[in-house]
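Hello,

Here is the structure we talked about. Please look it over, then read the notes below.

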Amino acid sequence: MQIFIAFLLLLALLVFIIYKVNNQFEKREFIILSIILVITIGGYLFYDKNQDERFPKQFKALYLKHNKIDISNLSYELLNNKNISSKNYFIYKFTYVINKEGKNSICVMPKVEIEKIGNDFVFKSFNQLKEECQVQ
């Protein structure tokens, strides 16, 4: 988010410089500025969406690897960053639907801890997590 704000401030400075040099802000400059803003906002939203979906994708892959069961539907909630922002430690609550023994089950893993170590994100003690399942 800080990078995005810094970029917008730099863009505002660029607009100010163009205005001072030309003593006007023509239609061409406005179109170029609008295109740059749309591309920047679109790129930021795409990046933010991919960052948000990183942990659920990793959770599904890890669950499939450990339990040999595919997750059909998954919802998640970030628990610890509502009030305090952390870039290295996350706690998620995952709610998912699996097909176990021919029956659909709704399962919950309430406190999945994820820690950033270097450039990698590691699920802490994934084997010891308890899932609570109910048959549909």
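Lys124 is partly exposed, with a relative accessible area of 32%. The model is a predicted one, so please read every value here as computed from it.

Start with the partners of Lys124. Its side chain meets that of Glu113 in a salt bridge, 3.7 Å from N to O. That pair ties together distant parts of the chain. Glu113 lies in strand E3, residues 103–117. Lys124 sits in the loop between E4 and E5. The two residues are 11 apart in the chain.

Lys124 also forms a salt bridge with Glu115. Here the closest N and O atoms are 3.6 Å apart. Glu113, Glu115 and Lys124 are thus linked in a network of salt bridges.

How accessible are the two glutamates? Glu113 has a relative accessibility of 28% and counts as partly exposed. Glu115 is partly exposed too, with a relative accessible area of 29%. Neither value is under 20%, the cut-off for buried, nor over 50%, the cut-off for exposed.

The structure holds three salt bridges. Besides the two with Lys124, there is one between the side chains of Lys100 and Glu131, at 3.8 Å from N to O. This pair also links distant parts of the chain, with the two positions 31 residues apart in numbering. Lys100 belongs to strand E2, residues 89–100. Glu131 is in the loop between strand E4 (120–123) and strand E5 (132–135).

Buried or exposed, or in between: where do Lys100 and Glu131 fall? Lys100 is partly exposed, at 30% relative accessible area. Glu131 is partly exposed as well, at 27%.

Now the nonpolar surface. Phe7, Leu8, Leu10, Leu13, Phe16, Ile17 and Val21 form a nonpolar patch there. Together they have about 640 Å² of accessible area. One of them, Phe16, is placed in helix H1, residues 2–22. Phe16 is partly exposed, with a relative accessible area of 47%. A patch residue needs over 30% relative accessible area, so Phe16 passes that cut-off without counting as exposed, which takes over 50%.

That covers the salt bridges and the patch. Please send any comments when you have had a look.

Best wishes

Technical notes
Residues numbered from 1 in each chain as written. Predicted model: local features only at pLDDT ≥ 70, side-chain atom pairs only at ≥ 80, totals over all residues. Heavy atoms only, no water. Patch = residues over 30% accessible without salt bridge, like charges linked within 9 Å, V, L, I, M, F, W, Y side chains within 5 Å. Areas by Shrake-Rupley, 256 points an atom, 1.4 Å probe, with all protein chains shown as cover. Salt bridge = Lys/Arg side-chain N within 4 Å of Asp/Glu carboxyl O. Helix = DSSP H or I, 4+ residues; strand = E, 2+ residues; numbered from the N terminus. Buried < 20%, exposed > 50% of the residue type's maximum accessible area, 1.4 Å probe, protein only.
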